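Here are some short exercises for getting to know a structure you haven't met before. Try each task yourself, then walk through the solution.

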Amino acid sequence: DSLSFPTGVLPATSCLFVRSQLEEKENKKFPVFKAVSFKSQVVAGTNYFIKVHVGDEDFVHLRVFKSLPHENKPLTLSDYQTNKAKHDELSYF
């Protein structure tokens, strides 16, 4: 089971939390869940746009919201795009 985000982006526990949210929304389990790139956008908190390898030649793009520290809220999988390929550009959505 491969499970990781780039160092310093989000801790492994957060990665697991986001993975479970996506698997619930898609009603499927991903054999691999490894972030290969990311971008961030500062709002009232931070949006992370993350390209994740989910097995074979399949990738998904995630938008994960991290609230401001004083709000003490869990990470939220705000949106995602499936059927992505390794070469697809990661953009804000």
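**Exercise 1. Contacts of Val 18**

Find which residues Val 18 is in contact with, leaving aside its neighbours within four places in sequence.

*Solution.* Keep in mind that you're looking at a predicted model.
- Step 1: Skip the sequence neighbours, and you'll find Val 18 in contact with Phe 33, Leu 62, Val 64, Leu 75 and Leu 77.
- Step 2: Now look at the largest nonpolar core, which has 15 residues. Val 18, Leu 22, Phe 33, Val 52, Leu 62 and Val 64 are the ones that touch the most other members.
- Step 3: Ask where this core gets its residues. α1 (12–26), β2, β3 and β4 each supply at least two, and β3 gives the most, with four residues.
- Step 4: For background, nonpolar side chains in soluble globular proteins tend to be buried together.

**Exercise 2. How the strands pair**

Work out in which sense β3 and β4 pair, and over how many bridges.

*Solution.*
- Step 1: Strand β4 covers residues 58–66, and β3 pairs with β4 in the antiparallel sense over nine bridges.
- Step 2: Check the connection. The two strands form a hairpin with two residues between them, and Asp 56 in the turn has a positive phi of about 50 degrees.
- Step 3: Pick out a partner. Tyr 48 lies in strand β3, and its bridge partner in β4 is Val 64.
- Step 4: Try Leu 62 as well: Tyr 48 and Leu 62 are 14 residues apart in sequence, with their C-alpha atoms 7.7 Å apart in space.
- Step 5: Carry on to β5. β4 and β5 also pair in the antiparallel sense, over six bridges, and the β5 bridge partner of Phe 65 is Thr 76.

**Exercise 3. Buried or exposed?**

Decide whether Asn 47 counts as buried or exposed, then list what Asn 47 touches.

*Solution.*
- Step 1: Locate Asn 47 in strand β3.
- Step 2: The cut-off for buried is under 20% relative accessible area. Asn 47 has 11% relative accessibility, so it counts as buried.
- Step 3: Not counting residues up to four places away in sequence, Asn 47 touches Lys 39, Ser 40, Gln 41, Arg 63, Val 64 and Phe 65.

**Exercise 4. Rings that pair up**

Find how many aromatic pairs the whole structure has, and sort out the geometry of Phe 38 with Tyr 48 and of Phe 49 with Tyr 92.

*Solution.*
- Step 1: A search of the whole structure turns up four aromatic pairs.
- Step 2: Take Phe 38 and Tyr 48. Their ring centres are 6.3 Å apart and their planes are at 50 degrees, so this pair is tilted.
- Step 3: Place both rings. Phe 38 is in strand β2 (residues 32–43) and Tyr 48 in strand β3 (residues 45–55), so the pair ties together parts 10 residues apart in sequence.
- Step 4: Compare their surroundings: Phe 38 is partly exposed at 36% relative accessible area, whereas Tyr 48 is buried at 12%.
- Step 5: Move on to Phe 49 and Tyr 92, an edge-to-face pair at 4.8 Å centre to centre with 80 degrees between the planes. Phe 49 lies in strand β3 and Tyr 92 in the segment after β5 (76–84), so this pair ties together parts that are 43 residues apart in sequence.
- Step 6: Phe 49 is buried, with a relative accessible area of 1%, while Tyr 92, at 47%, counts as partly exposed.
- Step 7: Look around Tyr 92. Phe 49, Tyr 92 and Phe 93 form one aromatic cluster, and the charged end of Lys 39 sits over the ring of Tyr 92, 5.6 Å from its centre.

Key: Residues numbered from 1 in each chain as written. Predicted model: local features only at pLDDT ≥ 70, side-chain atom pairs only at ≥ 80, totals over all residues. Heavy atoms only, no water. Phe/Tyr/Trp six-rings, centres within 6.5 Å; stacked < 30°, edge-to-face > 60°. Buried < 20%, exposed > 50% of the residue type's maximum accessible area, 1.4 Å probe, protein only. Lys NZ or Arg CZ within 6 Å of the ring centre and 35° of its normal. Pairing = 2+ DSSP bridges. Core = buried A, V, L, I, M, F, W, Y, C linked by side-chain atoms within 4.5 Å. Contact = heavy atoms within 4.5 Å.
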